Amino acid sequence: MSASADFPCVRSVILTGASRGLGAALFQTLQADGARVLGLARTFTADQQALAAQRPASIRLLATDLGDTGTGDVSPDGLRLAGGGLPTAADLTGFINDHGPADEIVLLLNAATIEPIALAGDLPPEAVLAAVNLNLVAPILLTNLFLAAFRNSEARLRVVYVASSAAHRAYPGWATYCATKAGAEAFMRCVSEAASRPCEVELVDPGAMETQMQQALRDRGNGLPGHARLVERHRVGDIGDPLMVAKTIIDRHFPPLVAVA
């Protein structure tokens, strides 16, 4: 990822949902590619914890519940709601600092939930609220925090949002997921057009993968329109492998950095 051995460029990535599914695969691929990674998740695997212990300068894990976006009180820094699970600006800048114009800082927004899986009229209100917080509110607040924390950084800033075709289609039983992904995409498009400092935004749709989310749709979506097709795709192997998908995302969206002359 560096332009030369003598003057390496640094890529630092803040990755949400880093411990499962595509997030775990992205974590593995990014650190193997030489990026510094700040992983955000509720829990982490034993392998991730061991790696962070071995490489504290380049890997840090922050256990946090991004779905807990806090109370109505504003935190002292004015960037979060108090009492929630979102990181602070100090959490980000404490790990990512001293970046120059050839370096890059990326917010990679991957965390999301497919719950609740139910038709409108049968949606549990508490599950809807949890999904709105994790899928929509958290990405908005994290992006805002990210831009504020690195407002004066010389590094290139990017936000990479893991999108979904569900934002543009009506999938029965996925109403909350479809709505929250569409809302988050709309916010990201606004950020790409106007932010407090220059920031590139990319929407990346990884397609269907064999993750816990897909398993939940197969296990709990019985009777919903389209469920039989999901089961059949799994049966014939017509579904992506998270690690292969992650490698494709890194190859396409995280090219080697070029040093500034």
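How many salt bridges does the structure hold? The count comes to six. Keep in mind that this is a predicted model, so everything below describes a computed picture.

First, the sheet. Six strands come together in an open sheet, and reading across it gives the order β3-β2-β1-β4-β5-β6, with parallel pairing. As a bit of background, strands of a sheet pair through backbone hydrogen bonds, and they can do that either parallel or antiparallel. At the edges stand β3 (59–63) and β6, and each of these has just a single partner strand, so one side of each is left without a neighbour in the sheet. Neighbouring strands here don't line up perfectly: on average they are turned by 15 degrees against each other, direction ignored.

Now for a look at one pairing inside that sheet. Strand β1 pairs with strand β2 (residues 36–41) in the parallel sense, and five bridges connect the two. To pick out a residue, Thr16 has Leu40 as its bridge partner in β2. Helix α1 (residues 21–32) lies across β1, β2, β3, β4 and β5, and the helix runs at about 165 degrees to β1.

Back to the salt bridges. The general idea is simple: side chains of opposite charge can pair when their charged atoms come close. In this structure, Arg11 and Glu104 make such a pair, with 2.6 Å between the closest N and O atoms. That contact links distant parts of the chain, since Arg11 sits in strand β1 (residues 11–16) and Glu104 in strand β4 (residues 104–109), 93 residues apart. Are these two charged residues buried or exposed? Arg11 is buried, with a relative accessible area of 1%, and Glu104 is buried too, at 0%. Both count as buried because the values fall under 20% relative accessible area.

Glu104 has another partner as well. Its side chain meets that of Arg158 in a salt bridge, at 2.9 Å from N to O. Glu104 belongs to strand β4 and Arg158 to strand β5 (residues 156–162), so this pair ties together parts that are 54 residues apart in sequence. Arg158 counts as buried as well, with a relative accessibility of 1%.

A further salt bridge joins Arg156 and Glu200, whose closest N and O atoms are 2.7 Å apart. Here, too, distant parts of the chain are linked: Arg156 is in strand β5 and Glu200 in strand β6 (residues 200–204), 44 residues apart. These two are partly exposed, with relative accessible areas of 34% for Arg156 and 37% for Glu200. Stepping back, the pairs belong to something wider: Arg11, Glu104, Arg156, Arg158, Glu200 and Glu202 are linked in a network of salt bridges.

Next up is Asn133, which is found in helix α4 (residues 125–149). Asn133 is buried, with a relative accessible area of 16%. What does the side chain of Asn133 join in a polar contact? The partner is the side chain of Thr69, at 3.3 Å. If neighbours within four places in sequence are left aside, the residues in contact with Asn133 are Leu66, Gly67, Thr69, Ala138 and Pro139.

Then there are the aromatic rings. A pair of them is described by the distance of the centres and the angle of the planes. The structure holds three aromatic pairs. In one of them, Phe146 and Phe150 sit edge-to-face, 5.6 Å centre to centre and with 65 degrees between the planes. Both rings belong to buried residues: Phe146 has 0% relative accessibility, and Phe150 has a relative accessible area of 4%. Trp174 and Tyr177 make another pair, with ring centres 6.3 Å apart and planes at 75 degrees, so this pair is edge-to-face. Trp174 is buried, and Tyr177 is buried as well. Together with Tyr171, these two residues form one aromatic cluster.

Last comes Pro172, which is located in the loop between β5 and α5 (175–193). Pro172 is partly exposed, with a relative accessible area of 33%. How far is Pro172 from Leu203? The two are 31 residues apart along the chain, and their C-alpha atoms are separated by 24 Å.

Definitions and conventions. Residues are numbered from 1 along each chain as its sequence is written. This is a predicted model: local features need pLDDT of at least 70, side-chain atom pairs count only at pLDDT 80 or more; totals for chains, interfaces and linings use all residues. Side-chain values use heavy atoms; hydrogens and water are left out. A salt bridge is a side-chain nitrogen of Lys or Arg within 4 Å of a carboxyl oxygen of Asp or Glu. Helices (H or I, at least four residues) and strands (E, at least two) are DSSP runs, numbered from the N terminus. Buried means under 20% relative accessible area, exposed over 50%, partly exposed in between (1.4 Å probe, protein chains only). A polar contact is a pair of N or O atoms within 3.5 Å; within protein, one must be able to donate a hydrogen and the other to accept it, and residues adjacent in sequence count only if both atoms are side-chain atoms. Contact means heavy atoms within 4.5 Å. Two strands pair if DSSP finds at least two bridges between them. Axes are lines fitted to C-alpha atoms, for helices over the stretch in contact, and angles run from 0 to 180 degrees between N-to-C directions. Rings of Phe, Tyr and Trp (its six-membered ring) pair if their centres lie within 6.5 Å; planes under 30 degrees apart count as stacked, over 60 as edge-to-face and the rest as tilted.
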